Amino acid sequence: MKNNDQKGGVVLIAAVIVLAIAFVAAATFGYWAYQQQQDYKNRSDKKVAAAVVKAQQVQVARDSGVFAEKEKLPNKAFKGPATFGSVTFNYPKTWSAYVDQTNPTDPLKSLFYPDTVPSPTALNGVIPQYALRVDLIGLSYAQVLKQFDSFIKKGTATASPYVPPLMTQIPNVQTGTRLDGAIGQNSALLIQGSMIIIKVRDKTLKIYTESPSFLSDFNNTILATLTFVP
């Protein structure tokens with residue numbers, strides 16, 4: 001009897017030990033699983049929070065862009081001297097203009113820029129890149145276009161035939177040229193933009209933007225409303 005009791009006690013103790021080990025293992029696994037779940041939740045929360053912040057930033061940027069575009073309306077109208085073809089177009093009302101009509105050979109020199117027009121003189125060695133420049137000059141169309149031969153040959157600018165949309169059905173309008181890419185040079189730096197060169201009576205019209213930042217206004221507002229008397 002005594003041996004049986006001892007054997008039973010040993011078995012009981014072994015069972016208790018096994019149960020204890022199993023309990024500890026289960027508790028350890030449960031804690032590990034809980035920690036994994038918390039870690040996953042924390043990472044998920046951070047991702048969600050980051051996504052929310054990014055979405056808010058995108059919305060603010062979008063709202064700011066929409067507001068900036070609305071601020072440009074209604075557009076202002078520009079009209080050059082009737083003697084030299086009445087060059088006319090619209091431009092954003094948030095832009096200012098500097099217009100010089102004092103030179104009979106080059107009867108129209110004008111600069112446009114948001115808010116205040118900066119001086120064409122270099123400031124700290126930097127010449128401003130204007131939102132729009134409009135020049136009516138006393139050189140022939142062929143002479144003006146030839147000035148951009150090097151850019152076209154090097155492939156830094158592309159040239160394509162161009163007639164303003166509102167002038168396509170007007171008699172006597174000669175097809176001009178649109179340049180995209182390098183349209184000038186400031187020291188060693190190329191000026192990137194878009195330019196229209198077209199004959200207006202005995203003069204040549206150059207109308208151009210010196211920065212891709214203003215390309216949408218150039219295409220959708222200025223060129224879309226450009227007219228003149230051939």
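# Reading strands, rings and cores in a predicted model

Me: Which residue in β8 is the bridge partner of T177?

Reply: The general idea is that strands of a sheet pair through backbone hydrogen bonds, in either a parallel or an antiparallel sense. In this predicted model, T177 has I197 as its bridge partner in β8, and this bridge belongs to the pairing of β7 with β8, which run antiparallel and are joined by nine bridges. The two strands form a hairpin with two residues between them, where S187 takes a positive phi near 55°.

Me: How many bridges join β8 to β9, and what does the turn of their hairpin look like?

Reply: Seven bridges join these two strands, which again run antiparallel; one residue pair to look for is I196, whose bridge partner in β9 is I207. The hairpin of β8 and β9 has two residues between the strands, and R201 in its turn has a positive phi of about 55°.

Me: In what order do the strands stand in the sheet, and which of them are at the edges?

Reply: The sheet is open and has seven strands, in the order β3-β4-β5-β9-β8-β7-β6, with antiparallel pairing. At the edges stand β3 (95-100) and β6 (157-162), and because each has a single partner strand, one side of each is left without a neighbour in the sheet. From one strand to the next, the twist averages 20°. At the β3 edge, the antiparallel pairing with β4 (residues 108-114) extends over six bridges, and A97 has F112 as its bridge partner in β4.

Me: Which helix packs on this sheet, and which strands does that helix touch?

Reply: Helix α4 (residues 215-225) packs on the sheet, where it touches β3, β5 (132-137), β6, β7 (176-186), β8 (189-200) and β9 (203-209), and the direction of α4 makes about 135° with that of β9. For orientation, the chain holds four helices and nine strands, and along the sequence they follow the pattern α-β-β-β-β-β-α-α-β-β-β-β-α.

Me: How many aromatic pairs are there, and how should the pair of F78 and F89 be described?

Reply: In general, a pair of aromatic rings is described by two quantities, the distance of the centres and the angle of the planes. With ring centres within 6.5 Å as the criterion, the count comes to eight aromatic pairs. The pair of F78 and F89 is stacked, at 4.9 Å centre to centre with 25° between the planes. F78 is in strand β1 (residues 76-79) and F89 in strand β2 (residues 88-91), eleven residues apart. F78 counts as buried at 8% relative accessibility, and F89 is buried as well, with a relative accessible area of 0%.

Me: Where do W95 and F214 lie, and what is the geometry of their pair?

Reply: W95 and F214 form an edge-to-face pair, 5.8 Å centre to centre and with 85° between the planes. W95 lies in strand β3 and F214 in the loop between β9 and α4, so their pair ties together parts that are 119 residues apart in sequence. W95 is buried at 2% relative accessibility, and F214 is buried with a relative accessible area of 14%. Elsewhere, F78, F89, Y91 and F112 form one aromatic cluster.

Me: Which residues touch the most other members of the largest nonpolar core?

Reply: As a general rule, nonpolar side chains in soluble globular proteins tend to be buried together. The largest nonpolar core here has 25 residues, and F89, L132, L205 and I207 touch the most other members. At least two residues of this core come from each of β2, β4, β5, β8, β9 and α4. If residues up to four places away in sequence are not counted, the residues that L205 touches include V87, V134, I196 and L226. There is also a second, separate core of twelve residues, among them F148, L179, A182 and M195. Over the whole chain of 230 residues, 29% count as buried.

Me: Are D115 and N172 buried or exposed?

Reply: D115, in the loop between β4 and β5, counts as exposed at 57% relative accessibility, and its phi, near 65°, is a positive value in a residue other than glycine. N172, in the loop between β6 and β7, counts as exposed at 72% relative accessibility, and the phi of N172 is likewise positive, near 70°.

Notes
Residues are numbered from 1 along each chain as its sequence is written. This is a predicted model: local features need pLDDT of at least 70, side-chain atom pairs count only at pLDDT 80 or more; totals for chains, interfaces and linings use all residues. Side-chain values use heavy atoms; hydrogens and water are left out. Two strands pair if DSSP finds at least two bridges between them. Axes are lines fitted to C-alpha atoms, for helices over the stretch in contact, and angles run from 0 to 180 degrees between N-to-C directions. Contact means heavy atoms within 4.5 Å. Rings of Phe, Tyr and Trp (its six-membered ring) pair if their centres lie within 6.5 Å; planes under 30 degrees apart count as stacked, over 60 as edge-to-face and the rest as tilted. Buried means under 20% relative accessible area, exposed over 50%, partly exposed in between (1.4 Å probe, protein chains only). A nonpolar core is a set of buried Ala, Val, Leu, Ile, Met, Phe, Trp, Tyr and Cys residues joined through side-chain atoms within 4.5 Å.
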